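Work through the exercises below with the sequence and the model open side by side. Try each task before reading its solution.

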Amino acid sequence: MSSAHLYHALKALQEATHNVIQQEDLEKVEKTIQTCAIVAAATGIGSGMLLGAGGVVMTVASVAAIWTMYGKINEKLGISISGNALKSLASAMLTNIIAGAGAYIAALVATTIISFIPILNFLALPAEAIIAYVAVFASGVLYIRFLTKVFKAQGCFVVEEGAKMDQFVKDVIREIDMRSVINDAKQSYDNDKKAGNINNHIVE
C-alpha cells in the first residue's frame with residue numbers, strides 16, 4: 001500500500017470493528033479508492049474545480065464522483081447508507097478539502113494563471129488531472145476515518161443525515177492534517193502516473 005494515510009485509516013477501521021472487516025476487504029477498499037481517483041484524473045472531472053469560473057459545475061461533477069466512490073466502498077464492506085446521506089457526506093468532505101487546503105492544492109499544481117488563459121488552457125490539463133485525483137483520493141481517506149468514528153461511537157455503521165452525522169464529519173476534519181493527506185494523495189498520483197495507470201486507464 002503506497003499511501004500512508006490510507007493504510008493507517010484502513011488499519012484503524014479494522015481495529016475499531018475488532019477485525020470483523022477482513023484484510024481482503026481492506027485491500028478491495030484500497031483498490032476502489034485508487035481506481036476511482038484514477039478514473040477522475042483520466043476523465044478530467046477536476047477541470048476548473050478549484051480554479052477559474054467553471055468551479056461550480058466541476059464541483060458538482062466531483063461530488064458525484066466521490067458519492068459514487070462511497071457507494072462502492074460500502075458495497076465492499078457490506079454497509080448500507082442511504083444515497084441522500086452519501087451525497088451530503090461527499091459534499092461535506094469536498095467542501096472541507098477545498099476550505100482547508102484548496103489554496104495549497106492550487107499552489108501544489110501551479111496552474112492558477114494558466115487556467116485563465118484560453119489559448120494555453122491545454123497546458124492546465126495535467127494539473128486538472130492532479131486536482132481531480134487528489135480530491136477523490138483524499139475524500140476516500142476522510143470517509144474511512146468517518147466510518148471508523150461512526151463505528152466507535154455506535155457499534156454499527158448506521159448513518160443518517162442530521163446533526164450527529166455533521167458532528168462526525170467535523171471531528172474527522174478537526175483531527176486530521178489536511179495538508180499531509182493532500183501530499184500523500186499527490187504522491188499516490190505520481191506513482192500511478194509513473195506506472196501509466198492514468199494515461200492507459202480504461203473505465204470499466
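**Exercise 1. Find which helices supply at least two residues each to the lining of the second largest pocket.**

Solution. This is a predicted model. Start with the lining residues: His-5, Ala-12, Arg-145, Thr-148, Lys-149, Lys-152, Val-172, Glu-175 and Ile-176. Now place them on the helices. Helix 1 (4-16), helix 5 (125-154) and helix 6 (163-175) each give at least two. Helix 5 has the largest share, with 4 residues. Last, the volume: the pocket comes to about 180 Å³.

**Exercise 2. Describe the overall fold in terms of its elements, burial and contacts.**

Solution. Count the elements: there are 7 helices and 0 strands. Read from the N terminus, the order is α-α-α-α-α-α-α. Next, burial: 48% of the 204 residues count as buried. Then take the contacts with a separation of 6 or more. Of these, 74% join residues 24 or more positions apart.

**Exercise 3. Trace the salt bridges that involve Lys-149, Asp-171, Arg-174 and Glu-175.**

Solution. The whole structure holds 5 salt bridges. Begin with Lys-149 and Glu-175, whose side chains meet at 3.1 Å, N to O. Lys-149 is in helix 5 and Glu-175 in helix 6, so this pair ties together parts 26 residues apart in sequence. Check the accessibility of each end. Lys-149 is partly exposed at 23%, while Glu-175 is exposed at 52%.

Move to Arg-174. Its side chain meets that of Asp-171 at 2.9 Å, N to O. Both residues sit in helix 6, 3 residues apart, about one turn of the helix. Arg-174 is exposed at 57%, whereas Asp-171 is buried at 15%. Arg-174 also bridges to Glu-175, with the closest N and O atoms 3.7 Å apart. Shared partners therefore join Lys-149, Asp-171, Arg-174 and Glu-175 into one network.

**Exercise 4. Is Phe-168 buried or exposed, and which residues does it touch?**

Solution. Locate Phe-168 in helix 6. Its relative accessibility is 10%, so Phe-168 counts as buried. Set aside residues up to four places away in sequence. Phe-168 then touches Phe-146, Lys-149, Val-150, Ala-153 and Gln-154. For a distance check, take Thr-148: it is 20 residues from Phe-168 in sequence and 9.8 Å away, C-alpha to C-alpha.

**Exercise 5. Compare the surroundings of Asp-184 and Asn-74.**

Solution. Take Asp-184 first. It belongs to helix 7 (residues 178-194). Asp-184 is buried, yet has no salt bridge. The nearest side chain of opposite charge is Arg-145, 9.3 Å away. A salt bridge needs the nitrogen within 4 Å of the oxygen, so that pair does not qualify. Beyond four places in sequence, Asp-184 touches Ser-3, Ala-4, His-5 and Leu-6.

Now Asn-74. This residue is placed in helix 3 (residues 55-77). With a relative accessible area of 3%, Asn-74 is buried. Leaving aside neighbours within four places, Asn-74 is in contact with Ile-79, Ile-81, Leu-86 and Tyr-143.

**Exercise 6. How many disulfides does a search of the whole structure find, and how accessible are Cys-36 and Cys-156?**

Solution. The search returns 0 disulfides. Cys-36 has a relative accessible area of 13%, so Cys-36 is buried. Cys-156 stands at 28%, which means Cys-156 is partly exposed.

Note on methods: Residues are numbered from 1 along each chain as its sequence is written. This is a predicted model: local features need pLDDT of at least 70, side-chain atom pairs count only at pLDDT 80 or more; totals for chains, interfaces and linings use all residues. Side-chain values use heavy atoms; hydrogens and water are left out. A disulfide is a pair of cysteine sulfur atoms within 2.5 Å. Buried means under 20% relative accessible area, exposed over 50%, partly exposed in between (1.4 Å probe, protein chains only). Lys and Arg count as positive and Asp and Glu as negative; His and the chain ends are not counted. Contact means heavy atoms within 4.5 Å. On a 1 Å grid over the protein atoms alone, a cavity is a set of points where a 1.4 Å probe fits but cannot get out, and a pocket is an open set with protein on both sides within 12 Å along at least five of seven lines; lining residues have an atom within 4 Å of a point. Grid points are joined across faces, edges and corners, and a volume is the space filled by probe spheres set on the points.
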